[in-house]
Amino acid sequence: MIDHSTVQIVFADLQDSIVALSGTNSPDVIRRSAGVLATVAQVLDIPFTVSVAPRPGGPGVIAELPETSPFVRGGPCCWDDRAWREAIAAVDRKTLVVCGVTSEIVVLHTALDALADGYDVIVLVDASGGMSERTENAAFRQIEAAGGTVTSVASFVTSMVRDFTTPVGRDVITALHGLAG
């Protein structure tokens with residue numbers, strides 16, 4: 001089991017124009033999975049950040065994410081953005097859940113740097129998208145070899161909430177039904 005009070009979530013590059021480029025999960029699957037994760041974060045009061053790549057016309061964050069000011073970074077890794085890294089450290093929750101597009105770039109580098117900095121890292125495959133199955137799987141293997149966990153939104157959420165008869169449990173299982181396409 002995972003204690004949700006140790007968790008914080010990063011939504012990385014979940015921007016309309018970038019999500020559309022996923023060659024692994026469809027944009028609909030990514031949006032639905034990220035939306036369910038965002039709902040569960042609100043139910044369980046899990047802090048989150050949104051990190052985005054600079055895009056012409058602004059960030060264009062997907063509508064399924066909660067309203068927040070995104071961190072705009074200049075490179076391929078959230079960890080390289082000092083303001084974002086300071087926000088993560090200030091929360092003082094050592095389990096970092098990462099999802100985004102692309103798995104081979106922002107997800108991989110953020111996960112590896114967080115692991116190197118002492119965080120436990122969980123990457124959610126259904127709320128992420130890669131350039132190809134082959135390259136995405138290579139990134140996931142790298143993350144696992146470095147000590148990270150690669151799983152799904154449903155598996156992650158049900159590792160935190162195991163009783164669906166409580167009010168919170170009912171809210172969580174209702175949110176998980178949103179994963180069905």
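This passage describes the sheet, the salt bridges and the largest pocket of a predicted model.

The sheet comes first. Six strands, 6 in number, form an open sheet with parallel pairing. Their order is β3-β2-β1-β4-β5-β6. The strands β3 and β6 stand at the edges. Each has a single partner strand, so one side of each is left without a neighbour in the sheet. Strands of a sheet pair through backbone hydrogen bonds, and the pairing can be parallel or antiparallel.

One half of the order can be followed through β1, β2 and β3. Strand β1 pairs with β2 in the parallel sense, over 4 bridges. In this pair, V10 stands opposite T49 of β2. Strand β2 also pairs with β3, again in the parallel sense, over 2 bridges. Here S51 stands opposite F71 of β3. In β2, 4 of the 5 residues are buried, so this strand is largely enclosed by the rest of the structure.

The other strands to consider are β4, β5 and β6. Strand β4 covers residues 95–100 and pairs with β5 in the parallel sense. This pairing has 4 bridges. Residue V97 stands opposite I122 in β5. Strand β5 covers residues 120–124 and is mostly covered, with 4 of its 5 residues buried. On to the edge, β5 and β6 run parallel and are joined by 3 bridges. Strand β6 covers residues 149–151. Residue I122 stands opposite T149 in β6. I122 therefore appears in both pairings: V97 is opposite I122, and I122 is opposite T149. In a regular strand the side chains alternate between the two faces of the sheet.

Helices connect these strands. Helix α4, residues 103–116, makes a right-handed β-α-β unit with β4 and β5. From β5 the chain crosses through helix α5, residues 133–145, to β6. This β-α-β crossover is right-handed as well.

Salt bridges were examined next. The count comes to 4. One of them joins R73 and D13, with the closest N and O atoms 2.8 Å apart. This pair links distant parts of the chain, 60 residues apart. R73 lies in the loop between β3 (71–72) and α3 (82–91). D13 lies in the loop between β1 (7–12) and α1 (16–19). Both R73 and D13 are buried.

Another salt bridge joins E64 and R31, whose closest N and O atoms are 2.9 Å apart. E64 lies in the loop between β2 (48–52) and β3, and R31 lies in helix α2 (residues 27–44), so the pair ties together parts that are 33 residues apart in sequence. E64 is partly exposed, at a relative accessible area of 31%.

A salt bridge also links E86 with R82, and the closest N and O atoms are 2.8 Å apart. This pair stays within helix α3, where the two residues are 4 residues apart, about one turn of the helix. E86 has a relative accessible area of 44% and is partly exposed. R82 reaches 58%; because exposed means over 50%, R82 is exposed. Salt bridges that share partners also join D16, R31 and E64 into one network.

The largest pocket has a volume of about 180 Å³. Its lining includes D13 and R73, the two partners of a salt bridge described above. Also among the lining residues are I18, L21, A53, G75 and P76. V101, T102, I105, V106 and M131 line this pocket too. By class, the lining divides into 8 nonpolar, 2 polar and 2 charged residues.

A last point concerns E67, in the loop between β2 and β3. E67 is exposed, with a relative accessible area of 80%. The C-alpha atoms of E67 and R141 are separated by 32 Å. Along the chain, E67 and R141 are 74 residues apart.

Technical notes:
Residues numbered from 1 in each chain as written. Predicted model: local features only at pLDDT ≥ 70, side-chain atom pairs only at ≥ 80, totals over all residues. Heavy atoms only, no water. 1 Å grid on protein atoms, 1.4 Å probe; cavity = no way out; pocket = protein on both sides within 12 Å on 5 of 7 lines; lining within 4 Å. Points joined across faces, edges and corners; volume = space filled by probe spheres on them. Nonpolar A, V, L, I, M, F, W, Y, C, P; charged D, E, K, R; others polar. Buried < 20%, exposed > 50% of the residue type's maximum accessible area, 1.4 Å probe, protein only. Pairing = 2+ DSSP bridges. Right-handed = clockwise from strand over helix to strand, strands pointing away. Salt bridge = Lys/Arg side-chain N within 4 Å of Asp/Glu carboxyl O.
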